Amino acid sequence: MEKYHKTDICPIEKENERDENYEASNPQIDSETTKNNYRTFARYCTYAEFINKRIEQLNLPAKPRNDAVLMASFVIGSDREFFEELTPEEQEDFFAQCTRCFAEKYGKKISYPQSFTMTKQPRTSLKSYAYK
């Protein structure tokens, strides 16, 4: 699990929502297959907008501190051999099941699960905001 502060959110979103024009410094990223990335559910606003709306809905007694952790990221995957035995449909179902399992535990806290297929090892990245 990685924790992110307010200033980290936009750069993380830019990296996660990359398109085929994204210039990756990570040698494991294959830009040619970026088009195969997908979301487990639809995106309606930016990460920051999503988090700010949820914080607003909570009616907190005080504004979150400037250095507060606002988002956490979880990466779910398996070894390469596991994915080599799956069809693309089975891989998508695997990541959808992972997202559902996480959602059952953490509820509305998930924002924009993104599955990445352009790396040497497919994985899904789940972002969760840090407030109840």
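How much area does the protein chain expose, and what share of it do carbon and sulfur atoms supply? The exposed area comes to about 8,600 Å², and carbon and sulfur atoms supply 48% of it. Keep in mind that this is a predicted model.

So how far can you trust the coordinates? Across the protein chain, pLDDT averages 77, and 73% of the residues score at least 70. Broken down by element, strand β1 (residues 2-5) has the highest mean pLDDT, at 88, while strand β4 (residues 110-116) has the lowest, at 64. Where pLDDT is low, it's best not to read the predicted coordinates in detail.

Now for the layout. The protein chain has four helices and five strands. Walk along the sequence and you'll meet them in the pattern β-α-β-α-β-α-α-β-β. As for how the chain packs, take the contacts with a separation of 6 or more: residues 24 or more positions apart account for 73% of these. Of the 132 residues in the protein chain, 38% are buried.

Let's zoom in on one residue, asparagine 52. You'll find asparagine 52 in helix α2, which spans residues 47-57. Is asparagine 52 buried, exposed or partly exposed? Its relative accessible area is 47%, so asparagine 52 counts as partly exposed: the partly exposed class runs between the buried cut-off of under 20% and the exposed one of over 50%. Another residue to pick out alongside asparagine 52 is leucine 70, 18 residues apart from it along the chain. The C-alpha atoms of asparagine 52 and leucine 70 are separated by 9.3 Å.

Conventions. Residues numbered from 1 in each chain as written. Predicted model: local features only at pLDDT ≥ 70, side-chain atom pairs only at ≥ 80, totals over all residues. Heavy atoms only, no water. pLDDT = per-residue confidence, 0-100. Helix = DSSP H or I, 4+ residues; strand = E, 2+ residues; numbered from the N terminus. Buried < 20%, exposed > 50% of the residue type's maximum accessible area, 1.4 Å probe, protein only. Contact = heavy atoms within 4.5 Å. Areas by Shrake-Rupley, 256 points an atom, 1.4 Å probe, with all protein chains shown as cover.
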